[in-house]
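Me: I want to learn how the words used for a structure are earned. Can we go through one together?

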Amino acid sequence: FHVRYHMELIGDVTGKNVVLVDDMVDTAGTLTKAADVMMERGAKSVRAICTHAILSGQAYERIENSQLEELIVTDSIPLRKESKKIKVLTCAGLFAEVMTSVQNNESISSNFIM
């Protein structure tokens with residue numbers, strides 16, 4: 001069983017460095033397809049950033065074989081294996097600040113509003 005889908009781009013990415021943003025990446029199918037579309041439409045490069053890297057199934061292979069230059073993720077979910085294309089940022093400092101603020105009955109909104 002193979003699902004086929006169509007993806008359309010609105011706007012011009014010609015010569016641009018594109019950053020795709022998502023909350024989580026599971027199988028990486030949509031993400032890598034989006035990177036392909038960006039490059040086909042003339043993007044200079046494509047990177048992605050996501051909070052939670054579930055990375056199940058063929059996700060690692062898709063990322064490695066994709067036109068993504070880099071995938072930046074947090075350590076909210078440990079990676080099952082390493083990849084030269086995946087960069088992990090820690091959220092430990094953020095969690096520690098929030099827990100300290102909660103313990104001291106202080107606002108935590110400044111940690112999440114940019």
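The questions below ask why certain labels apply, and each reply sets a value against its cut-off.

Me: What kind of model is this?

Reply: It is a predicted model.

Me: Why is the pair of glutamate 8 and arginine 41 called a salt bridge?

Reply: The cut-off is 4 Å from a side-chain nitrogen of Lys or Arg to a carboxyl oxygen of Asp or Glu. Here the N to O distance is 3.6 Å. That value is within 4 Å, so the pair counts as a salt bridge. The pair links distant parts of the chain, 33 residues apart. Glutamate 8 sits in the segment before strand S1, and arginine 41 in the loop between helix H1 and strand S2.

Me: Why is glutamate 8 called exposed?

Reply: Exposed means over 50% relative accessible area. Glutamate 8 has 51%, so it counts as exposed.

Me: And what makes arginine 41 partly exposed?

Reply: Its relative accessibility is 36%. Buried would need under 20%, and exposed over 50%. Arginine 41 falls in between, so it is partly exposed.

Me: What makes glutamate 70 and arginine 47 a salt bridge?

Reply: Their side chains meet at 3.1 Å, N to O. That is within the 4 Å limit, so the name fits. Glutamate 70 lies in strand S3 and arginine 47 in strand S2, so the pair ties together parts that are 23 residues apart in sequence. Arginine 47 is partly exposed, because its 29% lies between the two cut-offs of 20% and 50%.

Me: Why do glutamate 61 and lysine 81 count as a salt bridge?

Reply: The distance is 3.5 Å, N to O. It is within 4 Å, so this pair also passes. Glutamate 61 belongs to helix H2, and lysine 81 to the loop between S3 and strand S4, so parts 20 residues apart in sequence are tied together. Both residues are partly exposed: glutamate 61 at 38%, lysine 81 at 42%. Some salt bridges share partners, and these join Arg47, Glu69 and Glu70 into one network.

Me: How many salt bridges does a search of the whole structure find?

Reply: The search finds five.

Me: How do you know that the length of helix H1 agrees with its residue count?

Reply: Take 1.5 Å times one less than the number of residues. H1 has twelve residues, so the expected span is 16 Å. Its end C-alpha atoms are 16 Å apart, which agrees. After H1 comes glycine 42, with a positive phi near 100 degrees.

Me: What about helix H3?

Reply: H3 runs over residues 92-103 and also has twelve residues. The expected span is 16 Å, and the end C-alpha atoms are 16 Å apart, so the two agree. Just after H3, asparagine 105 has a positive phi of about 55 degrees.

Me: Why is valine 37 called buried?

Reply: Valine 37 lies in helix H1. Its relative accessible area is 4%, which is under 20%, so it is buried. Other than neighbours within four places in sequence, valine 37 is in contact with Met7 and Leu9. The buried residues of H1 include Leu31, Ala34 and Met38. H1's buried residues pack against S1, S2, H2 and S3.

Me: What makes serine 101 buried?

Reply: Serine 101 is in helix H3. Its relative accessibility is 10%, under the 20% cut-off, so it counts as buried. Leaving aside neighbours within four places in sequence, serine 101 is in contact with Glu106, Ser107 and Ile108.

Key: Residues are numbered from 1 along each chain as its sequence is written. This is a predicted model: local features need pLDDT of at least 70, side-chain atom pairs count only at pLDDT 80 or more; totals for chains, interfaces and linings use all residues. Side-chain values use heavy atoms; hydrogens and water are left out. Helices (H or I, at least four residues) and strands (E, at least two) are DSSP runs, numbered from the N terminus. Buried means under 20% relative accessible area, exposed over 50%, partly exposed in between (1.4 Å probe, protein chains only). Contact means heavy atoms within 4.5 Å.
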